[in-house]
Amino acid sequence: MMENTEVVNNQKLSFADFKHEVLNDYRIARISRECSLLGRREVLTGKAKFGIFGDGKEVPQLAMAKAFKNGDFRSGYYRDQTFMMAIGELTAQQFFAGLYAHTDIEADPMSAGRQMGGHFATHSLDENGNWKNLTQQKNSSADISPTAGQMPRLLGLAQASKIYRNVKELKNHTNFSEKGNEVAWGTIGNASTSEGLFFETINAAGVLQVPMIMSVWDDEYGISVHAKYQTTKESISEILKGFQRDENQKGYEIFVVNGWDYVQLIDTYNKAAKIAREEHSPVLIHVKELTQPQGHSTSGSHERYKSKERLQWEQEHDCIAQMRKWILEFELQDENGDTLRLVDSEEELINIDKNAKKDVSKAKRDAWAAFTGEIKNEARAALTILEKLAEKSSNGTFISKLTNDLAAINEPIRKDILSTARKALRFLRDENLPEKLELQNFIKASLENAYDKYSSTLLSETDNSPLKATQIQPKYVGEEKLVDARIIMRDNFDAILKKHPEVLIFGEDAGYIGDVNQGLEGLQEKFGELRVSDTGIREATILGQGIGMAMRGLRPIAEIQYLDYLLYALQIMSDDLATLRYRTYGKQKAPLIVRTRGHRLEGIWHAGSPMGGIINNVRGIHVLVPRNMTKAAGFYNTLLKGDDPALVIECLNGYRLKENLPTNLGDFTTPIGVVETIKEGTDITIVSYGSTLRIVDEAVKDLAQVGISAEVIDAQSLLPFDIHHDTVKSVAKTNRLLVVDEDVPGGASAYLLQEILEKQNGYKHLDSKPATLTSKEHRPAYGTDGDYFSKPSAEDVFEKVYEIMHEVDPQKFKNLY
């Protein structure tokens, strides 16, 4: 009885209010459980494709929701439906709309059908793509499926509170934070704590001391694999005991609580929230003895791998069953000696159960009716056109068959409708009927509508797109002032930090020594350790810091020391950052700038240029490859005018080369998606980027001595490439094309060829076979000779171009070998 009294007192509620809150929690839990049960049936009957549900985790999520405040952020995984319902951001009908993949953002506000059910998000942006006031709502960053993939982002969401609390220049950014009092709440399944991303994030949060609460839902299994194969000592809290803080050292506060104990869960989450919110100390809550009544997902049955004894234990320790038992047994003596109860009889709970079933069943029917209603209207429109064509076409018999097959489908999907319409069009290729035009227009309209439903918002489509930034040329006043190119980077970052208080720069060696190439020299001393900071050697969570902080209105520049090291963070970039705007239908964004450097260094792990792999994994992120530091600085300035994420790859061997120092630092811009012709010519077009352009420039001078005039184009930007199609204009003039690249064969060079030949129709203008010159298939060998024999050299470029011209005029350009 003592514990029950504490619940009432801690919440400062009257008993009537307390009773109402408890029974409302029970109601939410029952609705959530019914959604899971009915959702599984919808998948097994074929109405939905896949289901992964939160049954068995309802009660701890109710407790978490009670401590979750406006302005807080969740970064969780796909079993948190009860939590989302408890904070008022998910209804039963929306749950089913997501299960059916309803493409209306109003019906499925999580992703407009783009993510499978169980992936939850709130809207950070309004209909124009502008920030809402995040402090006036409860926030959930959009989930991703990769296990532990939510962890790096969680770190950044928590760090943002530390920044807002301690950087005085941000005191007016009140749409994003109330003095840094917000907590970032993470959730994860116990098995996924085996992932490296979990441990990397846990360590980083302990070092940074940020307000992060990490809940581990522990049901002893990872799909079919028991915890004894997952975690040392079968307990994540046991092996993390060394992180426990004490009076001498900062670390974590660690709690362990049973997932079926409603009272202790509420008490634990309230304590955790107070610690994280007030002290900015991270907290780990290990929620044990949870169950998974329907197994991992709809792809299998847990009866296959759990013993009868375990299944019986799960039935008895089901968190809702335990909560129900506690409600029925609850008694409290008031000051008058009267006994207070939460319910007078079990009938009250039975009525809640019945109403939950009824409400969820109605929500399912309404969601299905709304989902299928749109599609049935489209089917009727198609059938009307097809029926008219069947009457008039000489191939009417075949069209009638298609029409009847479509009409026979009780619950058609858009694929059925459009596939039928497109097949019918084939039978009309030799006919000119008015209805044929009607069918063609129907197909075109369907494909146009499909873009919005399934392909839009990969990048910003608002006025905030960096592609719309006004180009401002670098200015030079008076005599040429040649400096080491790193000075341009340093002074431009200085100007950026002064101009944009929300900008932060961080990475390995980025702070105290001003980065390994001195591009940030002296800036930490000038702007403080929170705005220009060092990090540990942990690339994935450096990216995560950037994503989370960018989602909370900051403008982070996350530095990955070398391009080769980007591979550590590529999964986070690909699965999380690149897809964020797309998977939320434009309702969330993370305008993170990733800074790195690469090309032409030494050795297997320090000279890679894996551009093909990068650009094909990060669609949704701009990939920019400036040839010098002035161009790079301009890209940073451009990006800060927009709201898309980007990767900027600086030339590693360019920091000590001399460049003219502009006078309008922080203002001049380099346009994204625009190529630059850096030398005009008439015989062949050479396209390259980055450091390789210096190799090309050397070769082009030698080619001129033998009578070959080469036009050189700097791609500058790979994603996107040449949005104005200027390259094809050059190819139309020279009629020959060579792409030079230090990626492996078939890497970025293949991408550029497709862009030029196919997208820009460059093939029409070629008189010679298009060619590429790339590195060898292996990684670069060490040393100067390793570089020469592994990557394109000036002699390679010369001989490749000469070979092409030899084919054109063998007499003038006699064979070299």
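Here is a short walk through one helix, one sheet and a pair of cysteines.

Before you click, note that this is a predicted model, where local features need pLDDT of at least 70, side-chain atom pairs count only at pLDDT 80 or more, and totals for chains, interfaces and linings use all residues. Residues are numbered from 1 along each chain as its sequence is written, and side-chain values use heavy atoms, leaving out hydrogens and water.

**Stop one: a covered helix.** Select residues 539–550, which is helix α18. Helices (H or I, at least four residues) and strands (E, at least two) are DSSP runs, numbered from the N terminus. Is α18 mostly covered or uncovered? It's mostly covered: 12 of its 12 residues are buried (under 20% relative accessible area, 1.4 Å probe, protein chains only). Now show what covers them, including α6 (150–166), α19 (566–577) and β14 (555–559).

**Stop two: a five-stranded sheet.** Next, pick out the open, mixed sheet, ordered β19-β21-β20-β23-β24. Its edge strands, β19 (676–679) and β24 (771–773), each pair on one side only; pairing takes at least two bridges found by DSSP. Zoom in on β20 (684–688) and β23 (737–740), which pair in the parallel sense over three bridges. Look for V687, standing opposite V739 in β23.

**Stop three: the cysteines.** Click C319, then C35. Why is there no bond here? The C319 sulfur is 15 Å from the closest cysteine sulfur, in C35, so that is too far. A disulfide needs two cysteine sulfur atoms within 2.5 Å, and the structure holds zero disulfides.

Note on methods: Expected span 1.5 Å × (residues − 1). Buried < 20%, exposed > 50% of the residue type's maximum accessible area, 1.4 Å probe, protein only. Contact = heavy atoms within 4.5 Å.
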